[in-house]
Amino acid sequence: MNGTTRRARIGLLRSAAAICLFALPGACSYRLEDKPGSVELLRAREQAEAGDRRAALDAVEAGIAKARDPAIVARLHYDRARLLDRQGGGDPQEILRELEIARRGGYAPATMFLAELHERGRLGTPDAAAAAALYEEARAFDPRAAIALARLAQQGQVRPSVPLARLVSDGVGALEAQAAMGQVSAVRELARLNTDGILQPPDPLKAERLLTRGVELGDVSALTDLALLWLARPEPAQKRRARRMLESAADRGARRAMVELAKFHRDGSFGAPDLVASAGWFRRATAAGEAGLEMDLAQVLLASPGRTDGQLAEAVGLIDGAVAAGDPHAALIRGRLHASGTGGPVDGPEAIRMFERARAARLPDAPVELGRLYAQGTGVPADPARAVGYWQEALSLGATGVYKDLGEAYATGTGVAPDPVRAREYLTVAAEGGSISAALLLAQLHERGVDGPPDNLAAAKWYEVAAREGSVGASTSLAALYERGVDGTPDMPRAVRWYEMAAERGSVGAMGRLIAIYGDPRSGFADRSRAVHWLAAAADAGSGSAMFDLAKAYGTGDGVPRDPARAESLLGRLHATDPDSAASIARAYADGLIGVRDQTAAVAWYRRAAERGDARSMRALAEAYDEGRGVGADARAAGAWYARAADAGDVVAMRRLGDRIVAAGEEGAGNRAVTLWRRAAAGGDVPAMRSLAHALAVGISDEIDPRQALRWYEAAARAGDGEAQYQVGMMYLQGLGVERDPERAKTWLLAARRNQIGMADAGLQALATLAR
């Protein structure tokens with residue numbers, strides 16, 4: 001017999017002692033190591049400790065096939081139940097059958113384990129009464145049973161036949177006796193009793209002393225418990241020490257320490273979350289034999305920043321394995337991946353299949369997800385009514401995350417008849433439960449007065465709730481509400497404070513309002529330096545208008561030291577961000593908006609904008625060539641650019657091109673000009689209306705039509721053109737294209753005189769002469 005086998009046999013003999021201690025009378029009148037099935041029992045324990053559950057199960061099943069002794073058979077069936085439970089996906093009824101065989105064979109720990117399974121609902125729903133009956137039975141041989149029964153009684157779940165104080169006293173007494181004999185499991189249990197409220201008052205210091213004793217006895221589980229006790233303390237030094245202790249316990253093989261380290265790194269208990277470290281500890285715990293961590297590891301991998309394709313593939317593989325093992329929670333997560341297209345294309349039907357598996361297990365989040373799938377039409381035809389039905393089912397199962405969805409549906413009448421009262425009720429529950437989006441929507445409902453008159457006070461309350469939780473939109477809306485006045489009177493100090501908060505969080509809209517408020521001398525908050533500060537922030541956030549205005553400020557020295565080079569740099573950034581801004585940059589150079597007029601630069605920028613199809617810039621280039629501004633005068637180039645601008649829809653270019661054609665006096669010029677003027681007039685160009693009317697009245701083309709002439713003169717006159725008003729007055733005075741109408745003639749001639757049209761006086765005198 002080699003050393004390893006000998007040590008394992010010694011461990012098995014110790015286990016045999018435990019069997020003899022708890023077995024029925026006469027069950028231990030044998031030498032365990034000589035019994036059939038004992039070698040397989042030994043091998044199963046070795047495989048389980050090594051983390052190979054499949055091999056451990058194979059060994060147990062081989063032992064069951066060989067064993068004849070009731071005690072060995074009982075222990076093997078007990079171990080099989082334990083292994084099936086550790087798999088997570090084991091059939092509850094199969095686990096129950098295994099434990100009943102172990103109980104009939106006289107293996108007492110099976111009773112305690114069965115009670116624990118009933119208490120936590122592993123065999124179905126939690127059953128405190130069944131657990132209590134089993135704990136009563138186990139009290140005869142396991143002091144932990146008395147403590148467990150006391151805990152159930154303290155929670156009001158059962159009424160044991162023995163008073164609570166006696167249960168506690170009996171359990172503690174037995175544990176203290178075992179602890180005095182050096183049983184570290186009893187030491188750990190006593191420490192737990194001093195912290196979890198069973199013993200009153202709790203005594204954490206005594207728990208610490210007990211666990212320290214367990215550590216001195218070499219128990220790695222006690223080291224883990226002591227580390228967790230210290231980790232709950234607020235002192236940073238104690239937390240650092242607790243982390244080192246957990247790492248020491250993990251290095252000594254404590255799987256629970258590995259799991260706790262993984263969770264603490266995941267949750268940021270040691271500082272910032274470290275998902276890489278978390279995944280590493282989950283892997284170590286799994287490799288060491290800890291069951292049921294696949295989904296924890298998968299979710300850490302999915303949440304990892306900068307997640308690689310390899311990590312995603314690993315996570316999906318873990319989830320698929322758990323789905324295949326029958327884990328409904330894994331099916332829920334897999335459905336979410338299918339719905340979002342993570343790890344593959346969006347697959348609505350497969351997402352539904354996964355969600356339905358989770359729904360069959362009555363997971364409340366399953367109908368929530370099904371509802372959202374149909375509400376959004378993700379991979380399936382949108383069906384809002386069906387979505388609402390799923391959400392109502394989720395609500396009946398206790399889902400809390402669905403209140404916002406239902407509230408929004410009732411508020412908007414999507415998939416259900418609008419019901420403002422129910423919308424407000426659901427959204428209030430969601431908002432009080434911490435949903436920022438629900439608080440924001442609730443505030444908007446109150447502000448609009450969906451279920452009655454607007455309630456600005458309630459709106460401000462919920463905007464502030466959402467804003468304090470980080471909603472930038474809520475901060476901006478709250479600021480705007482204060483700016484308008486919650487009670488009708490503007491509250492600018494509060495408005496500015498909330499705009500500042502939203503702006504600090506990156507709201508370009510809030511920055512824009514601050515720029516306007518600080519830049520308005522009438523606001524009571526005029527502060528050009530603050531306005532420039534937010535201009536710069538908005539520009540850094542990518543706002544093109546802010547870049548343009550900041551360039552003007554640096555170009556003119558408005559609120560900042562004048563810096564033409566920085567102004568030009570900002571305009572360059574603007575164009576790089578928005579190529580369509582070339583026209584605005586050109587006008588800035590042409591009009592001197594950045595402190596200097598540079599017509600040559602303006603022409604260059606107009607050309608860039610024109611080449612991108614900007615009709616106004618094409619016309620500006622035509623005007624530059626026409627006037628020799630920033631470029632050498634070139635009538636031919638001017639005409640070409642006017643033509644391009646006209647073709648691109650610029651009505652001023654159409655009119656001016658028509659004017660140039662008439663001035664050139666080419667054959668057919670009148671007809672071509674009238675066509676251009678008609679297009680320009682139809683586009684709203686008032687001078688073109690007047691030119692078209694004049695052409696139709698005097699016949700510079702093949703078309704003469706006094707009535708149409710009057711129509712276009714009147715259109716221009718109504719737009720405020722004085723010359724057109726004079727022409728309309730004279731046409732009504734003389735009866736050209738219309739019956740004479742002295743009153744209308746007088747009205748239009750007076751309008752023309754107000755517009756400084758000198759000939760209007762002559763028209764009015766003629767009208768007076770006719771009246772005599």
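## Briefing on helices, salt bridges and a surface patch

Ile700 is placed in the loop that runs between helix H38 (686-698) and helix H39 (706-718). The model in which this residue is seen is a predicted one, and the points below take up a surface patch, several helices and a number of salt bridges. With a relative accessibility of 35%, Ile700 counts as partly exposed, and together with Val662 and Val698 it makes a nonpolar surface patch of about 210 Å².

**Helices H3 and H22**

- Helix H3, which covers residues 53-66 and has 14 residues, reaches 20 Å from its first C-alpha to its last, and this is close to the 20 Å expected at 1.5 Å a residue.
- The residues of H3 that are buried are Arg53, Ala56, Leu57, Ala59, Val60 and Gly63.
- When H3 is seen down its axis, these buried residues fall within an arc of 160°, so they line one face of the helix.
- In helix H22, which takes in residues 403-412, the buried residues include Asp405, Leu406, Gly407, Ala409 and Tyr410.
- The cover over the buried residues of H22 includes helix H20 (365-376), helix H21 (384-396) and helix H23 (420-432).
- Gly413 follows H22, and the phi angle of this glycine is positive, near 70°.

**A buried glutamine in helix H13**

- Gln238 has its place in helix H13, which spans residues 236-251, and with a relative accessible area of 18% this glutamine is buried, because the cut-off for that class is under 20%.
- When the neighbours within four places in sequence are left aside, Gln238 is in contact with Trp230 and Arg233.

**Salt bridges within one helix**

- The count of salt bridges in the model comes to 54, and the pairs described here are among them.
- Asp79 forms a salt bridge with Arg75, in which the closest N and O atoms are 2.9 Å apart.
- Both Asp79 and Arg75 lie in helix H4 (residues 70-87), where they are four residues apart, about one turn of the helix.
- Each partner of that pair counts as buried, Asp79 at 10% relative accessibility and Arg75 at 9%.
- In helix H9 (residues 164-180), Arg166 and Asp170 are likewise four residues apart and are therefore separated by about one helical turn, while their side chains meet in a salt bridge at 3.5 Å, N to O.
- Asp170, at 33% relative accessibility, counts as partly exposed.

**A salt bridge between two helices, and a network**

- The side chains of Asp540 and Arg573 meet in a salt bridge at 3.8 Å, N to O.
- Asp540 lies in helix H29 (residues 528-540) and Arg573 in helix H31 (residues 564-577), so the pair ties together parts that are 33 residues apart in sequence.
- Asp540 counts as exposed, at 60% relative accessibility, whereas Arg573 counts as partly exposed, at 33%.
- Glu61, Arg80, Glu94 and Glu98 are joined into one network by salt bridges that share partners.

Terms used
Residues numbered from 1 in each chain as written. Predicted model: local features only at pLDDT ≥ 70, side-chain atom pairs only at ≥ 80, totals over all residues. Heavy atoms only, no water. Buried < 20%, exposed > 50% of the residue type's maximum accessible area, 1.4 Å probe, protein only. Contact = heavy atoms within 4.5 Å. Expected span 1.5 Å × (residues − 1). Arc of directions from axis to C-beta. Patch = residues over 30% accessible without salt bridge, like charges linked within 9 Å, V, L, I, M, F, W, Y side chains within 5 Å. Areas by Shrake-Rupley, 256 points an atom, 1.4 Å probe, with all protein chains shown as cover. Salt bridge = Lys/Arg side-chain N within 4 Å of Asp/Glu carboxyl O.
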